[in-house]
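I sat down with this model to look up its core, its rings, its cysteines and its strands. These are my notes, in the order I took them.

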Amino acid sequence: TSSNAADFVFQGYDRGASGYKEMMRIRDSGAIDTPQQPACMIYCQAPDINWDVGDLIGYGTGNSIKAFDTTNSFNMSTYTYTAPEDGKYYVSFTCNGVAGYGTPRAYPRVNGSNIGRDQHARGNSSISGDLDMRTYSGIIPMSANDTLNVYVGVGRWDTFGCNYFCVYKML
C-alpha cells in the first residue's frame, strides 16, 4: 500500500562542504530526481532590444529571470554558460528574427566557434510582420569549462517577449 511506500535516496560526499548531500532520489511514484544535474533556464523579459551581426544575444539582459541554475553556470552579465563537467548537453533557445535585415541566423557557439556544420536557428527569408520567433534545439558535446553562448551571424534578432535559453546535461 502507499502508506508503506518510501523514497530511495542516494547521497554523495561533497568535498567542498565536507559533508554529504543528496545526489539522486527515486520517489515512491517512480519519478527520479537528480538535484545536482547541471541545468539552467533563463527567461528573457527584456524590453525591445535588438542584436545585430557580431553580437552575442543577451539572454540575461534587462528584466530577464534566471528561473533556475543548478550549478550556477550561467553568467547573466556575459550571456554565457560554462559547462561544469564533461558531457552531452541538450541546448534550446528562442529568439525573434526581425523583418528587413535579410534572413537572420543565430549560431550556438562553443568556445567562440560555431558548432558542427554551422548549426543555427534561421529566420524566415520573408518575415511577415515585424518579428518571426525561431527555436534551436540540439545536443552539444562539451568538456568541463567550455563556454556556450548564442551569436548573431546574419541579420537582426530581438529578445522581446517570451524568449528563453536553456541547457540540460543529458549524459
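Before counting anything, I fixed one rule: two strands pair if DSSP finds at least two bridges between them. I also reminded myself that this is a predicted model.

**Entry 1: strand β4**

I started with β4 and its partners. Six bridges join β4 to β16, and the two run antiparallel. I looked up one of the contacts along that pairing and found that Cys-40 has Val-167 as its bridge partner in β16. Then I checked β6, which is joined to β4 by four bridges and also runs antiparallel to it. Here I noted that Met-41 is bridged to Phe-68 in β6. Is β4 enclosed or open? Five of its six residues are buried, so I put β4 down as largely enclosed by the rest of the structure.

**Entry 2: the nonpolar core**

Next I pulled up the largest nonpolar core, which has 26 residues. The members that touch the most others are Ile-57, Tyr-59, Tyr-81, Phe-93, Leu-148 and Phe-165. Among the strands that each supply at least two residues are β4 (39-44), β10 (105-110) and β14 (147-154). The largest share, four residues, comes from β9.

I picked Phe-165 for a closer look. Leaving out residues up to four places away in sequence, I found that Phe-165 touches a list including Cys-40, Met-41, Tyr-59, Phe-74, Tyr-81, Phe-93 and Leu-148. With a relative accessibility of 1%, Phe-165 counts as buried.

**Entry 3: rings**

How many aromatic pairs are there? I got seven. One is Tyr-59 with Phe-165, a tilted pair with 5.5 Å centre to centre and 35 degrees between the planes. Tyr-59 sits in the loop between β5 (50-52) and β6 (65-69) while Phe-165 is in strand β16, so this pair ties together parts that are 106 residues apart in sequence. Another pair is Tyr-81 with Tyr-89: the ring centres are 6.1 Å apart and the planes stand at 65 degrees, so I logged the pair as edge-to-face. Tyr-81 and Tyr-89 are both buried. Tyr-59 is buried as well, at a relative accessible area of 1%.

I then followed the ring pairs along and found a cluster linking Tyr-59, Phe-74, Phe-93, Tyr-136 and Phe-165. Separately, I noted Arg-109, which lies over the face of Tyr-151 at 3.9 Å from the ring centre.

**Entry 4: cysteines**

How many disulfides does the structure hold? Zero. I checked two cysteines to see why. For Cys-95, the closest cysteine sulfur is in Cys-44 at 9.0 Å, too far for a bond. For Cys-166, the closest is in Cys-40 at 7.4 Å, again too far for a bond. Cys-95 counts as buried at 0% relative accessibility, and Cys-166 counts as buried at 11%.

**Entry 5: the open sheet**

Last, I looked at the three strands that form an open sheet in the order β1-β2-β3, with antiparallel pairing. The edges are β1 (8-14) and β3 (32-33), each with a single partner strand, so one side of each is left without a neighbour in the sheet. Strand β2 (residues 19-26) is joined to β3 by two bridges. One bridge I wrote down there is Ile-26 with Ile-32 in β3.

Technical notes. Residues are numbered from 1 along each chain as its sequence is written. This is a predicted model: local features need pLDDT of at least 70, side-chain atom pairs count only at pLDDT 80 or more; totals for chains, interfaces and linings use all residues. Side-chain values use heavy atoms; hydrogens and water are left out. A nonpolar core is a set of buried Ala, Val, Leu, Ile, Met, Phe, Trp, Tyr and Cys residues joined through side-chain atoms within 4.5 Å. Buried means under 20% relative accessible area, exposed over 50%, partly exposed in between (1.4 Å probe, protein chains only). Contact means heavy atoms within 4.5 Å. Rings of Phe, Tyr and Trp (its six-membered ring) pair if their centres lie within 6.5 Å; planes under 30 degrees apart count as stacked, over 60 as edge-to-face and the rest as tilted. A charge sits over a ring if NZ of Lys or CZ of Arg is within 6 Å of the ring centre and within 35 degrees of the ring normal. A disulfide is a pair of cysteine sulfur atoms within 2.5 Å.
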